[in-house]
Amino acid sequence: MARRKIVAGNWKMNMTPSEAVALVETLKPLVQSEDVDVVYGVPAIDIIPVVEAVKGTNVAVAAENMYFEEKGAYTGEISPAMLVDAGVKYVILGHSERRDYFKETDADINKKVLKAFEHGLTPIMCCGESLEQRQQGITMDWIRQQVKIGFQNVTADQAKTAVIAYEPIWAIGTGMTATSEQAEEVCKGIRECIAEMYDDATAAEIRIQYGGSVNAGNAAELFAMPDIDGGLVGGASLKADFGKIVNYK
Ligand code: PGA
């Protein structure tokens, strides 16, 4: 079974609610696609207006984070039920910026992944090595650990529906895209790790994105690789270029 490509924007901490609606309107004619799933990962405060603005289109909305508790005294956090009620379908979890600046651990991310599934949200779980780790030759060991802990107690049926985003930290926001061979090597390694943890059928269905300086010029080559099922796009998701990335062929 051929996997459907999934191209997701990660807006990060950009776009006020009114700017967000304007961006959705600008992108509307550009991101139409029959064969690619299109997702906008938006700041929490933009979720409600963006869900409204994409109604009737092919675009789904992702949150950029979520807490792993149901409700209660967690000032400033957002629960899975809040996201679901607002019309969110995906949640980006464990982005390297959250791991780095907000000290999220693999164990925290695992709790969030499990909670997302419990509420019917599709996690886009990020993983990726630093430049130092790549130079030390431990890229795949590091990523296997992130995937194995992140997916602890996730069932095969859940894992089949998940998305993993491989984002080498050195390629994020730097313009230093991984070569398509480097990206494919790790995405293939992630698929092999899923096959070991579950089975070949699960590995064949899970979708693995590449992220890190994806743009209109390099998307086609990256997405043509056999184990790369689309991209998680930061900077270029805020521009008309995102439409070219969605329609990369
Ligand atoms: P970038 O960000 O495309 O700006 O490199 C990607 C990401 O952090 O998801």
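Me: When do two strands count as a pair here?
Reply: Two strands pair if DSSP finds at least two bridges between them. Keep in mind that this is a predicted model.

Me: So what makes strand β2 and strand β3 a pair?
Reply: Strand β2 (residues 36–42) and strand β3 (residues 59–63) are joined by five bridges. Pairing takes at least two, so β2 and β3 count as paired. They run parallel. Looking at one spot, G41 stands opposite A62 in β3.

Me: And what do the eight strands make together?
Reply: A barrel: the eight close up in the order β1-β2-β3-β4-β5-β6-β7-β8, with parallel pairing. From one strand to the next, the twist averages 25°.

Me: How do you know that helix α9 packs on the sheet?
Reply: Contact means heavy atoms within 4.5 Å, and helix α9 (residues 180–197) touches β5 (122–127), β6 (163–166) and β7 (207–211). The direction of α9 makes about 145° with that of β6.

Me: Now the ligand. Why is the K12 pair called a polar contact?
Reply: The cut-off for a pair of N or O atoms is 3.5 Å. A polar side-chain atom of K12 lies 2.7 Å from an oxygen atom of the ligand, so the pair is within the limit. A backbone N or O atom of S213 also lies 2.7 Å from a ligand oxygen, and for a polar backbone atom of G234 the value is 2.8 Å.

Me: How much of the ligand does the protein bury?
Reply: The protein buries 95% of the 280 Å² that the ligand exposes when taken alone. By class, the shell around the ligand has four nonpolar, seven polar and two charged residues.

Key
Residues numbered from 1 in each chain as written. Predicted model: local features only at pLDDT ≥ 70, side-chain atom pairs only at ≥ 80, totals over all residues. Heavy atoms only, no water. Helix = DSSP H or I, 4+ residues; strand = E, 2+ residues; numbered from the N terminus. Axes fitted to C-alpha atoms, helices over the stretch in contact; angles between N-to-C directions. Polar contact = N/O pair within 3.5 Å; in protein donor to acceptor, adjacent residues only side chain to side chain. Areas by Shrake-Rupley, 256 points an atom, 1.4 Å probe, with all protein chains shown as cover. Nonpolar A, V, L, I, M, F, W, Y, C, P; charged D, E, K, R; others polar.
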